[in-house]
Amino acid sequence: MNVQNIARSILTGLGVTILYLLIGTILDYIVTQVTSQFFLTACSEDCYFRIFNSIFVVVALLSAAGGLRAGLRSYKRLSK
């Protein structure tokens, strides 16, 4: 077990997680705007934030999973 490989894998996983969160948050905002303007026109502000927050939870979970996967793949690749 090389400490340098572990550190690089953690940084890779964190970088991918942050990238996925940024992309996911932008897409979440776009989807929420389109949904509230075209499909749920009678949606109140509470309804809008409920939609945004529920999509964001999914984005956060998928980002964490993607970062973990990227970190593990990076570690396996560096360990060879």
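These questions and answers cover the fold, surface and packing of a predicted model.

Me: How many helices and strands does the protein have?
Reply: Helix α1 covers residues 3-39. Helix α2 covers residues 45-79. The count is two helices and zero strands.

Me: Is the protein compact or spread out, judged by its radius of gyration?
Reply: The C-alpha trace spans about 55 × 15 × 10 Å along its principal axes. For 80 residues the globule rule gives 12 Å. The protein is well over that, so it is more spread out than a compact globule, with a radius of gyration of 17 Å.

Me: What distance separates the end C-alpha atoms of helix α2, and what span is expected?
Reply: Helix α2 has 35 residues. At 1.5 Å a residue it should span 51 Å. The model agrees, with the end C-alpha atoms apart by 50 Å.

Me: Which helix do the buried residues of α2 pack against?
Reply: Buried means under 20% relative accessible area. In α2 the buried residues include Tyr 48, Ile 51, Val 59, Gly 66, Gly 67 and Ala 70. Their packing partner is α1.

Me: Is Leu 27 buried, partly exposed or exposed?
Reply: Leu 27 sits in helix α1. It belongs to a nonpolar surface patch that also includes Tyr 20, Ile 23 and Phe 38. Its relative accessible area is 49%. Exposed needs over 50% and buried under 20%, so Leu 27 is partly exposed.

Me: What share of the accessible surface belongs to carbon and sulfur atoms?
Reply: The nonpolar patch has about 1,100 Å² of accessible area together. The accessible surface of the protein comes to about 6,000 Å². The carbon and sulfur share is 71%.

Technical notes
Residues are numbered from 1 along each chain as its sequence is written. This is a predicted model: local features need pLDDT of at least 70, side-chain atom pairs count only at pLDDT 80 or more; totals for chains, interfaces and linings use all residues. Side-chain values use heavy atoms; hydrogens and water are left out. Patches are made of residues with over 30% relative accessible area and no salt bridge: like charges are joined within 9 Å, nonpolar side chains (Val, Leu, Ile, Met, Phe, Trp, Tyr) within 5 Å. Accessible areas come from the Shrake-Rupley method with a 1.4 Å probe; for residues, only the protein chains shown count as cover. A salt bridge is a side-chain nitrogen of Lys or Arg within 4 Å of a carboxyl oxygen of Asp or Glu. Helices (H or I, at least four residues) and strands (E, at least two) are DSSP runs, numbered from the N terminus. Buried means under 20% relative accessible area, exposed over 50%, partly exposed in between (1.4 Å probe, protein chains only). The radius of gyration is taken over C-alpha atoms; the globule rule is 2.2 Å times the number of residues to the power 0.38. The expected span of a helix is 1.5 Å times one less than its number of residues. Contact means heavy atoms within 4.5 Å.
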